Amino acid sequence: DYAGARMLTEHLLALGHRRIAFLGNRESRKLLPKRLRGYRDALRAAGILPDPRWLRYYSSSAASGFTEVAHGAMLQWMKAGWQAQG
């Protein structure tokens, strides 16, 4: 999970992105810290200070349907003005 999040963030950085959001599931107590650390480490390695405004969390403990919950959470965030942040 650490490596996956770091590689994904590094890929987006290689494409030229500099403001990369992180959306994590609060219910994923074992995976969330690893993924968040991988994301932050990749940004720092690129000389970018992670901005707390780029972080959002959702809650879903359902085994099925979590993708829909995450998708809905990201859509709400974007509608609320993600582009205006940082």
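Read along the sequence, the protein runs α-β-α-β-α, a pattern built from three helices and two strands. The model is a predicted one, and a look at its confidence helps in reading what follows. The mean pLDDT of the protein is 86, and 87% of the residues reach at least 70. Among the elements, α1 has the highest mean pLDDT, at 97, while α3 has the lowest, at 77. Of the 86 residues in the protein, 29% are buried.

A natural place to turn next is the space left between the atoms. Rolling a probe the size of a water molecule over the atoms shows where such empty space remains. The largest pocket holds about 430 Å³ of space. Its lining is made up of 21 residues, and those nearest the centre are Phe22, Leu23, Gly24, Asn25 and Arg35. Two or more lining residues come from each of α1 (2-14), β1 (22-25), α2 (31-45) and α3 (66-79). Helix α1 gives the largest share of the lining, with five residues. In chemical character, the lining of this pocket divides into 13 nonpolar residues, six polar ones and two charged ones. For readers weighing up the walls of the pocket, it may help to recall that two of the contributing helices, α1 and α3, mark the highest and the lowest mean pLDDT among the elements.

Phe22, one of the residues nearest the centre of the pocket, also takes part in ring packing. The count of aromatic pairs comes to one. This pair joins Phe22 and Tyr39 in a tilted arrangement, with 5.2 Å from centre to centre and 45 degrees between the planes. Because Phe22 belongs to strand β1 and Tyr39 to helix α2, the pair ties together parts that lie 17 residues apart in sequence. Both partners, Phe22 and Tyr39, are buried. The strand and the helix that carry these two rings are also among the elements that give two or more residues to the lining of the largest pocket.

A further detail worth a look sits in a loop. Asp51 is found between α2 and β2 (55-58). Is this loop residue buried or exposed? Asp51 has a relative accessibility of 15%, and because buried means under 20%, Asp51 counts as buried. The side chain of Asp51 also has a partner: a polar contact with the side chain of Arg53, at 2.7 Å.

Technical notes:
Residues numbered from 1 in each chain as written. Predicted model: local features only at pLDDT ≥ 70, side-chain atom pairs only at ≥ 80, totals over all residues. Heavy atoms only, no water. 1 Å grid on protein atoms, 1.4 Å probe; cavity = no way out; pocket = protein on both sides within 12 Å on 5 of 7 lines; lining within 4 Å. Points joined across faces, edges and corners; volume = space filled by probe spheres on them. Helix = DSSP H or I, 4+ residues; strand = E, 2+ residues; numbered from the N terminus. Nonpolar A, V, L, I, M, F, W, Y, C, P; charged D, E, K, R; others polar. pLDDT = per-residue confidence, 0-100. Buried < 20%, exposed > 50% of the residue type's maximum accessible area, 1.4 Å probe, protein only. Polar contact = N/O pair within 3.5 Å; in protein donor to acceptor, adjacent residues only side chain to side chain. Phe/Tyr/Trp six-rings, centres within 6.5 Å; stacked < 30°, edge-to-face > 60°.
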